[in-house]
Amino acid sequence: MTEINLMAGRSVDTKQSLIKLLFSHLKQALGIAFIDSEISIKEQAPYQLGIRGMTGDEARDLGHRINV
């Protein structure tokens, strides 16, 4: 199983695209069949993650929007 931890705020479409892309890369690069893979996305509130020496809700220069 592959587990991905993300800061909450990304759209459903973005998360679905990530999962499909990872499945594709696992198959192409490593020969791992879809049936042999599981991907789980876990989301945390921004204040629960640390990045660049601060919590996610304090970070303002990440290059993408975060809905806090």
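Helices and strands here are DSSP runs, with at least four residues for a helix and at least two for a strand, numbered from the N terminus. Counted this way, the protein has 1 helix and 4 strands. The model you are looking at is predicted. If you trace the chain from the N terminus, the elements come in the order β-α-β-β-β.

Let's take in the whole protein before visiting single residues. It has 68 residues, and buried ones make up 21% of them. The exposed surface comes to about 5100 Å², with 53% of that supplied by carbon and sulfur atoms. How do the contacts span the sequence? Of those between residues at least 6 apart in sequence, 55% join residues that are at least 24 apart.

Now for a closer look, beginning with S37. You will find S37 in the loop that runs between α1 (12–30) and β2 (39–44). Is S37 buried or exposed? S37 counts as buried because its relative accessible area is 13%, and the cut-off for buried is under 20%. Its side chain reaches the backbone oxygen of A33, at 3.3 Å. Once neighbours within four places in sequence are set aside, S37 is in contact with F23, L26 and I32. F23 and L26 fall within the range of α1, 12–30.

Follow the chain onward and you come to Q44, which has its place in strand β2. Q44 has a relative accessible area of 18%, so it too falls under the 20% cut-off and is buried. Which residues does Q44 touch? Leaving out residues up to four places away in sequence, Q44 touches N5, L6, M7, A8 and L49.

Our last stop is A59, in the segment that follows β4 (54–55). A59 is buried because its relative accessible area is 7%, which is under the 20% cut-off. What does A59 touch? Not counting residues up to four places away in sequence, A59 touches I51 and M54. M54 belongs to the range given for β4, 54–55. You can also look from A59 across to Y47: the two are 12 residues apart in sequence, and their C-alpha atoms are 9.9 Å apart in space.

To retrace the tour on the structure, start at S37 in the loop between α1 and β2, go on to Q44 in strand β2, and finish at A59 in the segment after β4.

Notes. Residues numbered from 1 in each chain as written. Predicted model: local features only at pLDDT ≥ 70, side-chain atom pairs only at ≥ 80, totals over all residues. Heavy atoms only, no water. Buried < 20%, exposed > 50% of the residue type's maximum accessible area, 1.4 Å probe, protein only. Polar contact = N/O pair within 3.5 Å; in protein donor to acceptor, adjacent residues only side chain to side chain. Contact = heavy atoms within 4.5 Å. Areas by Shrake-Rupley, 256 points an atom, 1.4 Å probe, with all protein chains shown as cover.
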